[in-house]
Amino acid sequence: MKLDFSSKLRRYLKKIEAETGRHIKFRESNELGIKSITAAYQYHPKYILITLNTDYPRSRDDMERSIAHEATHGYLIHRLGFCRSLYTQDSTEDYRKEVQLVFTMVEDIVVNKIIEDNGFPPFGHEYLPMVQEEIKIAKMGEEVGESFYGRFTDDYRLEAILMISRHIIAWGFLKYYSLSPEQSEIINEFIEVFKTYYPDYYEFSAQIVKLMEEKDIFNPRDGCDVIYEILKMFKMDVGVRLVRE
Ligand SMILES: [Zn+2]
């Protein structure tokens with residue numbers, strides 16, 4: 001695999017390696033759990049592992065942003081003291097993916113803020129067009145929404161968490177980032193239609209928003225508590241322990 005990164009990305013990855021004392025390693029795979037994602041972080045005690053999906057080409061800027069994003073997940077664990085998941089042996093692959101998505105909905109808000117502070121855009125070029133598409137879908141009602149998100153996974157629980165996470169990530173951008181009026185308008189509309197058209201899912205989203213508002217998710221301990229509370233809320237806390245390095 002040939003990796004030809006810009007000097008900005010090389011500098012950022014070097015900084016992460018220096019501050020975490022871990023090498024960043026890349027590998028290729030087209031099995032990343034949720035269809036259509038380009039890169040994924042995977043915990044490893046010694047390295048920061050990033051898997052790239054080369055079947056899903058994106059612009060160089062988006063690819064680089066995505067790599068910076070995934071590397072920052074490692075930074076959260078190995079430098080900032082965020083927690084990671086430790087599964088019981090009998091936990092299924094589906095369950096692990098679901099738990100991972102709960103981690104993501106909290107930690108992505110933190111990760112995107114850090115990459116923004118390091119000169120990368122907080123979201124890729126596809127994000128807002130995707131949200132606009134999701135607004136249209138939402139207006140068609142809950143069942144259409146479910147089959148839309150169902151395209152990304154065959155697991156119903158993962159599909160539900162995915163829907164909720166789209167709302168939480170959008171809410172996070174409005175709450176914690178300085179967006180242009182045009183960007184805010186799109187994201188705000190998604191939040192509104194989500195509430196109106198997906199009432200069953202919004203019920204969970206609203207509880208998660210409340211948890212996040214009560215704590216400071218940028219603080220590793222609070223962030224971890226919020227993740228745990230969400231897992232409990234979904235009755236998903238049994239097969240996993242949240243541990244720190
Ligand atoms: Zn992420």
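Here are three short exercises on this predicted model, each with a worked solution.

**Exercise 1. Work out what elements the protein chain contains and how they are ordered.**

Start with a tally: the protein chain has 9 helices and 5 strands. Then walk along from the N terminus, and you read α-β-β-β-α-β-α-α-α-α-α-α-α-β.

**Exercise 2. Decide how the protein chain compares in compactness with a globular protein of that length.**

First, take the radius of gyration, which is 17 Å for the protein chain. Next, get the yardstick: for 245 residues the globule rule gives 18 Å. The two values are close, so the chain is as compact as a globular protein of that length. For a feel of the dimensions, the C-alpha trace spans about 45 × 40 × 35 Å along its principal axes. Now check the inside: counting a residue as buried when 20 or more other C-beta atoms lie within 10 Å of its own, you get 36% of the 245 residues. Finally, look at contacts with a separation of 6 or more: 68% of them join residues 24 or more positions apart.

**Exercise 3. Describe how the two domains meet, and which element of domain 1 gives the most.**

Begin with the bounds: domain 1 covers 1-80 and domain 2 covers 91-239. Their centres, taken over C-alpha atoms, sit 21 Å apart. Across the boundary, 16 residues of domain 1 are in contact with 18 residues of domain 2. On the domain 1 side, α1 (7-20) and α2 (60-80) are the elements giving two or more residues. The top contributor there is α2, with 9 residues. Sort that side by residue type and you find 5 nonpolar, 7 polar and 4 charged.

Definitions and conventions
Residues are numbered from 1 along each chain as its sequence is written. This is a predicted model: local features need pLDDT of at least 70, side-chain atom pairs count only at pLDDT 80 or more; totals for chains, interfaces and linings use all residues. Helices (H or I, at least four residues) and strands (E, at least two) are DSSP runs, numbered from the N terminus. The radius of gyration is taken over C-alpha atoms; the globule rule is 2.2 Å times the number of residues to the power 0.38. A residue is buried if 20 or more other C-beta atoms lie within 10 Å of its own, exposed if 12 or fewer, and partly exposed in between; C-beta atoms are placed from the backbone. Two residues are in contact if their C-beta atoms, placed from the backbone, lie within 7 Å. Domain bounds come from an automatic or database domain assignment. Ala, Val, Leu, Ile, Met, Phe, Trp, Tyr, Cys and Pro count as nonpolar, Asp, Glu, Lys and Arg as charged, and the others, Gly among them, as polar.
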